[in-house]
Amino acid sequence: SYTNLHSPHSMNGIDPSAQIHATAIIEKGAKIAKDVIIGPYCHVGGQVTLHAGVHLISHVSLAGDISIGERTIIYPFASLGHPPQDLKYKGEPSQTLIGHDVTIREYVTIQRGTKGDKMLTQVGNHCLLMVGAHVAHDCIVGDHVILANNATLGGHVQVGQYVIIGGLSAIQQFVRIGDHAIIGGMSGVEKDVIPFAMVMGERAYLHGLNLVGLKRRGFSSETIHQLMTVYQELFEDKTHVPLSERVTQAEKDFHNNPTVIDLLKFIQNDSKRPLCLPKP
């Protein structure tokens, strides 16, 4: 059953400090922490958990088993935790987790996981999802990620930390995007993107390292120089040595650099997609 809350807010699970507009609909069972603000015409399902300081501005729809972290702000017409656009989904009780200090702008969609993967869709902390961004079922998005306007993640995509995905870009299902990578606007990404990379193009290709991002994140000049050296050895080699052998040699040459080793491990990890490579 539904309960349309008016003052006072005495329903179990709702902190008395929460401010809930009279037009908002809160299903029984929802957990609403202190200092939450729920604006006009929002709909909060019975399995929703809103942590302290969450602000739903207006017309926000939250469904399913979804938890939203502290101080996250959600703008009008966002739809979070609803069933995925996956014909294999049969109503399994999957989850959606959204971190703290996230900004979710108008018309963003984030959809719950499925039994075909982790039963979980997750967005990390301090992320910004701009107007119309879409996070499909079973995606795992790291901390400090920016999805620009209308950026789209297909199902099962993994996005590392401090990634920027440009406007109108589309990431195909099962693609992995490494930490600190940047995806140019209007790119179609069909393959895995290594950490620290810059990719772009209608069918995206590797276009070097995200040097501006590395400098902004405080990486040392020595580390950046070593990453550039490794990039050249791996992706600009003209000797036709197999990539696996180049990776093995790089592991020996840079075994004392954990940043380089993280890059090499990403390349070696199992994946359903090949690596995004430089344009021929």
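Strands, like helices, are taken here as DSSP runs numbered from the N terminus, a strand having at least two residues. In this predicted model, Thr-121 belongs to strand E16, which covers residues 120-123. The relative accessibility of Thr-121 is 1%, and because residues under 20% are classed as buried, Thr-121 counts as buried. A polar atom of the Thr-121 side chain lies 2.8 Å from the backbone nitrogen of Asp-138. Asp-138 is also among the residues that Thr-121 touches when those up to four places away in sequence are not counted. The other residues touched by Thr-121 on that basis are Gln-95, Thr-96, Leu-97, Ile-110, Gln-111, Arg-112, Gly-113, Val-135, Ala-136, His-137 and Cys-139.

The largest nonpolar core comprises 75 residues, and within this core Ile-38 and Leu-80 touch the most other members. Two or more residues are given to the core by each of strands E7 (48-50), E10 (65-68), E28 (197-200) and E29 (205-209), and likewise by helices H2, H3 and H4 (258-268). With residues up to four places away in sequence left out, the contacts of Leu-80 are Ser-61, Leu-62, Ala-63, Ile-66, Ile-68, Ile-74, Ile-98, Ile-104, Val-108 and Ile-110. Ile-110 is also listed among the residues touched by Thr-121.

At the surface, Phe-77, Tyr-107 and Val-131 make a nonpolar patch of about 290 Å². Phe-77 is placed in the loop between strand E11 (73-74) and strand E12 (79-82). Its relative accessibility is 42%, so Phe-77 counts as partly exposed.

Backbone geometry was examined next. Most residues other than glycine have a negative phi. His-156 has a positive phi of about 70° although it is not a glycine, and His-240 has a positive phi of about 65°, again without being a glycine. His-156 is found in the loop between strand E21 (152-153) and strand E22 (158-159). The loop that holds His-240 runs between helix H2 (221-235) and helix H3 (243-253), and both of these helices give two or more residues to the largest nonpolar core. His-156 has a relative accessibility of 10% and therefore counts as buried. His-240, at 74% relative accessibility, counts as exposed.

Methods. Residues numbered from 1 in each chain as written. Predicted model: local features only at pLDDT ≥ 70, side-chain atom pairs only at ≥ 80, totals over all residues. Heavy atoms only, no water. Helix = DSSP H or I, 4+ residues; strand = E, 2+ residues; numbered from the N terminus. Buried < 20%, exposed > 50% of the residue type's maximum accessible area, 1.4 Å probe, protein only. Polar contact = N/O pair within 3.5 Å; in protein donor to acceptor, adjacent residues only side chain to side chain. Contact = heavy atoms within 4.5 Å. Core = buried A, V, L, I, M, F, W, Y, C linked by side-chain atoms within 4.5 Å. Patch = residues over 30% accessible without salt bridge, like charges linked within 9 Å, V, L, I, M, F, W, Y side chains within 5 Å. Areas by Shrake-Rupley, 256 points an atom, 1.4 Å probe, with all protein chains shown as cover. Salt bridge = Lys/Arg side-chain N within 4 Å of Asp/Glu carboxyl O.
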